[in-house]
Amino acid sequence: MLNQKRWRYFKQNKRAYASLWLFSILFVLSLFAEFIANDKPILIYYDHHFYTPIVKTYSETTFGGDLALNADYKDPTLRALINKKGWMLWPPIHFSYDTHNYNVHHAPSPPSRANILGTDDHARDVLARLIYGFRLSILFGLCLTLLSSVIGVVAGVIQGYFGGKLDLFLQRFMEIWSGLPSLYILIIISSIVVSGFWVLLLILTLFSWMSLVAVVRAETLRTRQFDFIKAAKALGVSNVRIMSRHILPNAMVATFTFLPFILNGSIVTLVSLDFLGFGLPPGTASFGDLIAQAKNNLHAYWIGLSIFITAVVQLSLIVFIGEGLRDAFDPRKIIV
């Protein structure tokens with residue numbers, strides 16, 4: 001019943017509710033980026049058989065070609081062979097995030113009919129890289145938010161529930177750990193191992209889990225003084241059960257209001273590292289790479305304008321959703 005009231009109160013915030021819908025639509029569409037922007041057809045009907053190049057690799061000989069190489073579906077000769085005995089269903093955008101458009105005279109090239117938002121300095125379609133980059137940034141941010149939140153919530157509950165020397169030790173440990181130069185450590189690790197999605201996620205998780213500890217710890221210190229907690233201890237209920245069944249649900253109320261803002265910070269961190277060259281591998285479709293290209297090619301206004309608008313819309317939607325959650329979970333407000 002209380003959650004229904006919170007949801008109803010969240011819907012009353014028109015900006016947050018509209019932002020949630022728009023963000024959900026954009027995120028779901030980005031999950032199917034391969035079906036929106038790709039240099040391979042979604043479906044091919046050739047010689048009374050169906051083929052799905054978007055999920056399986058075929059050779060040219062499959063469609064009557066002479067070479068046993070991976071089929072290049074943008075090759076006019078191969079397209080003529082396929083169209084002679086069938087047809088091809090293409091995505092709306094005929095470029096993937098790493099597809100080079102060899103038909104442009106120079107790179108970066110301005111917007112055109114083939115490249116709606118132009119190309120970057122490697123003749124890759126900007127719109128395709130924005131779609132794939134949007135998905136990558138959200139997925140990375142969600143993974144980092146989930147991992148850091150789980151660790152932070154567990155650490156905060158343990159500190160607040162047991163208190164004493166354990167709480168004092170963990171507090172001092174967090175002070176030391178937060179003072180470590182995480183950027184320098186990341187640079188050192190990047191010089192030793194090849195930086196990738198999971199390596200970067202692991203490193204950033206090590207330094208981002210402390211954002212929720214203070215909030216959860218304070219809520220746990222307050223909740224453990226309630227009479228029902230003392231009664232549960234008197235009845236011999238285990239500490240793990242008390243923390244998981246009674247304290248954690250109360251602490252999660254404050255946690256949910258911070259999650260969108262943590263997600264925003266995670267995305268900004270990834271973009272910043274990619275911009276500096278210490279993030280994902282070169283060539284990965286990321287916002288940071290596009291921002292770096294916009295800086296290096298100031299005359300190509302379409303790159304900077306496209307990434308600026310996309311990043312502002314993405315981060316603004318998340319902030320608006322977070323404001324709506326914060327108001328809906330605010331215990332000081334009257335939820336009708």
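Me: Why is F140 called buried in this predicted model?
Reply: F140 has a relative accessible area of 0%. Buried means under 20%, so F140 counts as buried.

Me: What makes the pair of F140 and F197 edge-to-face?
Reply: The ring centres of F140 and F197 are 5.3 Å apart, with 90° between the planes. Centres within 6.5 Å make a pair, and planes over 60 degrees apart count as edge-to-face, so F140 and F197 form an edge-to-face pair.

Me: Which parts of the chain does the pair of F140 and F197 tie together?
Reply: F140 belongs to helix α4 and F197 to helix α7 (residues 197–208), so the pair ties together parts that are 57 residues apart in sequence.

Me: Why is F197 called partly exposed?
Reply: The relative accessibility of F197 is 21%. Partly exposed lies between the cut-offs of 20% and 50%, so F197 falls in that class.

Me: How do you know that the rings of F23 and F27 are stacked?
Reply: Their centres are 6.3 Å apart and their planes stand at 10°. Pairing needs centres within 6.5 Å, and stacked means planes under 30 degrees apart, so F23 and F27 are a stacked pair. Both residues lie in helix α2, four residues apart, about one turn of the helix.

Me: Are F23 and F27 buried or exposed?
Reply: F23 has a relative accessible area of 11% and F27 has 17%. Buried is under 20%, so both are buried.

Me: What makes E34 and R135 a salt bridge?
Reply: The N to O distance between their side chains is 2.9 Å. The limit is 4 Å, so E34 and R135 meet the rule. E34 sits in the loop between α2 (14–31) and β1 (43–46), and R135 in helix α4 (residues 126–162), 101 residues apart.

Me: Why is R135 called buried and E34 partly exposed?
Reply: R135 has a relative accessible area of 16%, and buried means under 20%, so R135 is buried. E34 has 27%, which is between 20% and 50%, so E34 is partly exposed.

Me: How do you know that R129 forms a salt bridge with D120?
Reply: The closest N and O atoms of R129 and D120 are 3.7 Å apart. The cut-off is 4 Å, so this is a salt bridge. R129 also meets D289 in a salt bridge, at 2.9 Å, N to O. R129 lies in helix α4 and D289 in helix α11 (residues 287–296), so that pair ties together parts 160 residues apart in sequence.

Notes
Residues numbered from 1 in each chain as written. Predicted model: local features only at pLDDT ≥ 70, side-chain atom pairs only at ≥ 80, totals over all residues. Heavy atoms only, no water. Helix = DSSP H or I, 4+ residues; strand = E, 2+ residues; numbered from the N terminus. Buried < 20%, exposed > 50% of the residue type's maximum accessible area, 1.4 Å probe, protein only. Phe/Tyr/Trp six-rings, centres within 6.5 Å; stacked < 30°, edge-to-face > 60°.
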